[in-house]
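Dear colleague,

Here is the structure I promised to pass on to you. Please have it open beside this message, since what follows goes through what was found in it.

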Amino acid sequence: MARARSTSNRKIRDGQRPTFQTLQRTIAATLMRPLLADEAMDPASAEVAAEYIKPNDRLSSFERLQIYNQQYWWRLIGAFEEDFRGLRAVLGQKRFDHLAQEYLVTFSSTSWSLRNLGQHLVAFLETHPELTSPHSALALDVARVEWARVIAFDGPEKPVLEAKRIAHTPADRLRLGLQPYLTLLELWHPIDELMRTLKRHELAVVSNAVAVAQPRRRQRVTVRRSRKPIHLAVHRVDLSVYYKRLDPEAWRLLRALRDGARLDDACAMAFASSKETPERNAARIQEWFTGWMQFGWFCAAPKR
């Protein structure tokens, strides 16, 4: 990092030398100040640069500090864009860049890991639909799925419950927990299809990169609103993220288990409005649980 000026060359405010902590906070606040529209550093940072940063034979104090200010923001925006490629494809690059800056100004990085950068995005979009209009509903569904993908990719995993333990516990006493990396979503757009379409577009761009002289313009991606809610589980298997469609009853059953319901109560809630026979519903539950157990979705329920 650029070296701070020596004490003899530094301005002394109020006759006192700034503490190292004050220096850290001042420089950090300057580096985190948003860039201008042309990606230059805000001229308001010139005073800090002149006071604390030593120029060299090639760059002024302002230019040296600007390098770190730009690198900070370019790294944040790059990480944000990587996590929300689907949202960028829906909005287009220009609108996505504007959204990213508005969001990152409101929710700057507060974690050592950039993995957490988008944790407030869904709530932010809910309160700022003007940033995504006229695609606000679609953008919100995409953001929900993409944040769920982040959770699925590196969320914690608890020990999987053994099938014997589940089979030997009566349903009226059995409570099942769900893996923390599993997210259950109710959506109004087929985002799993949108993500597959986006992946095909990205692969096409990569495969044609050598054959074209200029980079291809990123294509917008969209899908139509569904007539009925789409229930989706976002999870991982062997370190890979997957999307799994769920029947409405299966989604309600899993949600009830996650909320702490016993298995018998969760099944009753899931099939409260079902017109199927009890025998048919029992067969469906057995089929679901066979798959869910293979995925390793069940763990010990939190203690109540």
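Two strands count as paired here if DSSP finds at least two bridges between them. Please keep in mind throughout that this is a predicted model.

By that criterion, β2 and strand β3 (residues 230–237) pair in the antiparallel sense, with five bridges between them; in one case, Thr 183 has Val 234 in β3 as its bridge partner. Both strands belong to an open sheet of three strands, which runs in the order β2-β3-β4 with antiparallel pairing. Because β2 (183–187) and β4 (240–246) stand at the edges and have a single partner strand each, one side of each is left without a neighbour in the sheet. On average, and with direction ignored, neighbouring strands of this sheet are turned by 25° against each other.

Strand β4 also comes up in the description of the largest pocket, whose volume is about 670 Å³. This pocket is lined by 21 residues, of which Arg 85, Arg 149, Met 195, Val 241 and Tyr 243 are the closest to its centre. The elements that give two or more residues to the lining are α3 (61–83), α7 (136–154), α9 (191–208) and β4, and among the contributors α9 gives the most, with five residues.

Turning to helix α5 (residues 93–106), you will find Leu 99 there, and at 0% relative accessibility Leu 99 counts as buried. Leaving aside residues up to four places away in sequence, Leu 99 touches Leu 87, Leu 91, Phe 124, Leu 125, Leu 131 and Thr 132. The C-alpha atoms of Leu 99 and Glu 130 are separated by 9.9 Å, although the two residues lie 31 residues apart along the chain.

Lastly, as you may be wondering about the cysteines, how many disulfides does the structure hold? The structure holds zero disulfides. Cys 267 is in no disulfide, and the nearest cysteine sulfur, which belongs to Cys 299, is 17 Å away. Seen from the other side, Cys 267 has the closest cysteine sulfur to that of Cys 299, and this distance of 17 Å is too far for a bond, given that a disulfide is counted when the two sulfur atoms are within 2.5 Å. Cys 267 counts as buried at 17% relative accessibility, and Cys 299 likewise counts as buried, at 1%.

With best wishes

Note on methods. Residues numbered from 1 in each chain as written. Predicted model: local features only at pLDDT ≥ 70, side-chain atom pairs only at ≥ 80, totals over all residues. Heavy atoms only, no water. Buried < 20%, exposed > 50% of the residue type's maximum accessible area, 1.4 Å probe, protein only. Helix = DSSP H or I, 4+ residues; strand = E, 2+ residues; numbered from the N terminus. Contact = heavy atoms within 4.5 Å. Axes fitted to C-alpha atoms, helices over the stretch in contact; angles between N-to-C directions. 1 Å grid on protein atoms, 1.4 Å probe; cavity = no way out; pocket = protein on both sides within 12 Å on 5 of 7 lines; lining within 4 Å. Points joined across faces, edges and corners; volume = space filled by probe spheres on them.
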